[in-house]
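Here is a short tour of a ligand site and of one helix pair. Keep the viewer open and follow along as the text moves from one to the other.

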Amino acid sequence: MPDEGRMEIVIVGLGASGLYASRSALNTNRNCHVTIVEKRDFDQFSPCGLPFVIEGIVPDFDHLKHSVPEVKGKLTKLLSHEVVGIDPASRTLDVKDLSSGESKVLAYDALILSNGSIPVNLPIPGAKEFLGRGVHFCSDIDDSSGILRAALASSRKKAVVVGGGAIGLEVAVALRERGLDVVITKRTPPPFPRNLDPEMGKLITDHLIELGIDVRFGQGIDAVNGADSVESVVIQGETIPCDMVVMAVGTRPNTRLAELAGCDVTREGVVVDNRMETSVKGIFATGDVVRTYSRIDRTPATMQLATSAFRQGMVAGTNAAGGNAEYKGVLNTFLTKIGKFEIASTGYTLEQATSLGYQAKAVSTKKEIKPHYMPDNSDVHLRVVADERDGRVLGLQAIGEQGAGWRVNLFALAIQAGMTLHDLMDSELSYNPPVSQMYDPIYQLVEIALKRLRLEPKAPAEVFLPSVKEA
Ligand SMILES: Cc1cc2nc3c(=O)[nH]c(=O)nc-3n(C[C@H](O)[C@H](O)[C@H](O)COP(=O)(O)OP(=O)(O)OC[C@H]3O[C@@H](n4cnc5c(N)ncnc54)[C@H](O)[C@@H]3O)c2cc1C
């Protein structure tokens, strides 16, 4: 039983959201004790770094690990422990010690489910049978080590990557850098469908081809074949010999514990309110496991990125400990580096905005990021999505060798502030020739968008002259 007078908070999962939930809970309430239950046998690690170990940029997987120190009387970690059951009526958890096999019961006053997501496999012949024997996920250190080992030992030196999101493309580039022939395939044509409209996706497809990757977007894999291990795949009727397949077709929220607890759950995740609390009082959920809502208009949304996970963790930790914090929703702000390109986006694509009923228009442009006289200049491709009724900004997509990420971050702030194209045109940005343009590509894009959307310039609300004080 919990100590008399001391609040017991239990967090399931030591990922980004669980860690930040624990920090916020301890900062909010000096009289609480946090227990983190984690089934892994080691502390925290950064999944986002996995492709860069495979590529060889980061020397080994241990570099991705970092330890979270216990604090006596405040923070206890139970590593190699798995939560297997929840009884919300008695506010207890059934926990299995994975090293000894023993079972124990943990009591809680507030519970935070931060137990992440599970990689999805395709329902095609051979995909399940060859898992671990040539078919790999890239979700944790174990499976990513398998990819690296297979790449280094590959006799055919040929890999097939399935998926057109950030993980698939990052791994495809990593394997190419390791000297393998790489085929990348997905059933639908454009890459990053959640983040980019097809015309921006086309730039990425072209760049992958430039990198020597065999791009088969729009074809899709039909089967994985082999005897003891993978020997080939079938893509649109063509048999392609290979000895490794990386499945990067997405993840699904790990909702089993929430279901056991009787929380409302959808296919997209555990339903939470703006305090990150589930439908069961005293049980919060955060990170990849939840379905939240858009920051733009509160329509249901999921994000499954570290950036939303840690922020949701902060909100849940604060509220679980008796504080009062609000989660404002996701913008889907996203960044990846594929080959030479930063690829970034925030808010809605044109397709998403239109399907939600906005009178959305998209305007694209390509501009040099520095003045023409500067060396090491390059282009940034920008695409803004805005509502033609009032010019409200709904999204930005950016691709470039430099400067795509910060421009998207700036638009993320603009969108969350409800700014219009006019507001952006009026904004003051920094400028110095080695870094940017005086009339930045952002202004150039917004100017074109204002014209295309036929939005009149705004007259000043009032005319005033600042008073001049005599010294
Ligand atoms: C290869 C890769 C690259 C990525 N790159 C980026 C990126 O560049 N930028 C970005 O923002 N995001 C990126 N992400 C996504 C990001 O890593 C996740 O969104 C984030 O880790 C989610 O955090 P989380 O705390 O919800 O879940 P996780 O970090 O998955 O943590 C969940 C934890 O719960 C534990 N657990 C599960 N069930 C139980 C149980 N029953 N009992 C005890 N413990 C349990 C798991 O072992 C796990 O440690 C990437 C992900 C991957 C895999």
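Four elements each supply at least two residues of the shell around the ligand: helices α1 (16-28) and α7 (306-320), and strands β2 (32-38) and β6 (81-87). The model you are looking at is predicted. Sorted by character, the shell residues divide into 13 nonpolar, twelve polar and five charged. There are 30 residues around the ligand, and those that come nearest are Ser17, Glu38, Arg40, Asp288 and Ala306.

Some of these residues place a polar atom beside a ligand oxygen, as the table shows.

| Residue | Polar atom from | Distance to a ligand oxygen atom |
|---|---|---|
| Ser17 | side chain | 2.8 Å |
| Asp288 | side chain | 2.8 Å |
| Ala306 | backbone | 2.9 Å |

How much of the ligand's accessible area does the protein cover? On its own, the ligand has 1,000 Å² of accessible area, and the protein covers 85% of that.

Now let's turn to the helix pair. Helix α9 (residues 404-416) packs against helix α11 (residues 441-452), with the axes 11 Å apart and at an angle of about 55°. An angle between 35 and 65 degrees falls outside the parallel and perpendicular ranges, so α9 and α11 are oblique to each other. On the α9 side, the contact is made by Trp406, Arg407, Leu410 and Phe411, while α11 brings Pro441, Ile442 and Val446. The residues of this contact divide into six nonpolar, no polar and one charged.

How values were computed
Residues numbered from 1 in each chain as written. Predicted model: local features only at pLDDT ≥ 70, side-chain atom pairs only at ≥ 80, totals over all residues. Heavy atoms only, no water. Axes fitted to C-alpha atoms, helices over the stretch in contact; angles between N-to-C directions. Parallel < 35°, antiparallel > 145°, perpendicular 65-115°, else oblique. Contact = heavy atoms within 4.5 Å. Nonpolar A, V, L, I, M, F, W, Y, C, P; charged D, E, K, R; others polar. Near = heavy atom within 4 Å. Polar contact = N/O pair within 3.5 Å; in protein donor to acceptor, adjacent residues only side chain to side chain. Areas by Shrake-Rupley, 256 points an atom, 1.4 Å probe, with all protein chains shown as cover.
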